[in-house]
Amino acid sequence: MAAKRRVENTEVRKIQDVPKGEYVRVKHRLAGGDGFTKKVYKLVGFDRSQRQWTLDDCSDINFCVFVKTGTLVQVGFTY
């Protein structure tokens, strides 16, 4: 069963439970509580060489982020 939690009409899931191509917001590393980034990323998939999940920035085509398995992301928001 996937770990899900409701936050303001959106879902919070672990990165491995999100389908490819989904738009997500990543949880801040230093933020307490339910702090998520304002930037929106698109989930590309799992990079086996890095052993991390790849997220492409929607506002900058040349920027991508790698996150570890188990990272909380926010999905289901209006973009």
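The charged end of Arg25 sits over the ring of Phe77, 4.0 Å from the ring centre. Such a placement requires NZ of Lys or CZ of Arg within 6 Å of the ring centre and within 35 degrees of the ring normal. Lys27 lies over the face of Phe36, at 5.5 Å from the centre of that ring. The model is predicted, so local features need pLDDT of at least 70 and side-chain atom pairs count only at pLDDT 80 or more, while totals for chains, interfaces and linings use all residues. Residues are numbered from 1 along each chain as its sequence is written, and side-chain values use heavy atoms, with hydrogens and water left out.

Arg25 belongs to strand 3, residues 23–26. Strands (E, at least two residues) are DSSP runs, numbered from the N terminus. In a regular strand the side chains alternate between the two faces of the sheet. Strand 3 shows this alternation. Val24 and Val26 point to one face and are buried, that is, under 20% relative accessible area, with exposed meaning over 50% and partly exposed in between (1.4 Å probe, protein chains only). Tyr23 and Arg25 point to the other face and are not buried.

Strand 3 has pairing partners, where pairing takes at least two DSSP bridges between two strands. Two bridges join strand 3 to strand 4 (residues 41–47), and the two run antiparallel. In this pairing Val24 stands opposite Tyr41. Strand 3 also pairs with strand 7 (residues 72–75), again in the antiparallel sense and over two bridges. Here Val26 stands opposite Val73, and Arg25 stands opposite Gln74. Strand 7 is also joined to strand 2 (residues 10–14), by four bridges and in antiparallel fashion. Val12 of strand 2 stands opposite Gln74.

Nonpolar side chains tend to be buried together in soluble globular proteins. In this model the largest nonpolar core has 12 residues. A core of this kind is a set of buried Ala, Val, Leu, Ile, Met, Phe, Trp, Tyr and Cys residues joined through side-chain atoms within 4.5 Å. Its members are Ile15, Val18, Val24, Val26, Tyr41, Leu43, Trp53, Leu55, Val65, Val67, Val73 and Val75. At least two of them come from each of strand 3, strand 4, strand 5 (52–57), strand 6 (64–67) and strand 7. Val26 is in contact (heavy atoms within 4.5 Å) with residues including Phe36, Tyr41, Leu55, Val67 and Val73, leaving aside neighbours within four places in sequence.

One aromatic pair is counted. Rings of Phe, Tyr and Trp (its six-membered ring) pair if their centres lie within 6.5 Å; planes under 30 degrees apart count as stacked, over 60 as edge-to-face and the rest as tilted. The rings of Phe46 and Trp53 are edge-to-face, because their centres lie 5.1 Å apart and their planes stand at 65°. Phe46 is partly exposed at 40% relative accessible area. Trp53 is buried at 14%.

Salt bridges number two, each a side-chain nitrogen of Lys or Arg within 4 Å of a carboxyl oxygen of Asp or Glu. Arg13 bridges to Glu11, with the closest N and O atoms 2.8 Å apart. Arg13 is buried at 18% relative accessibility. Glu11 is buried with a relative accessible area of 18%. Lys39 and Asp57 form a salt bridge at 3.0 Å, N to O. This pair links distant parts of the chain, 18 residues apart. Lys39 lies in the loop between strand 3 and strand 4, and Asp57 in strand 5. Lys39 is partly exposed at 38%, whereas Asp57 is buried at 6%.
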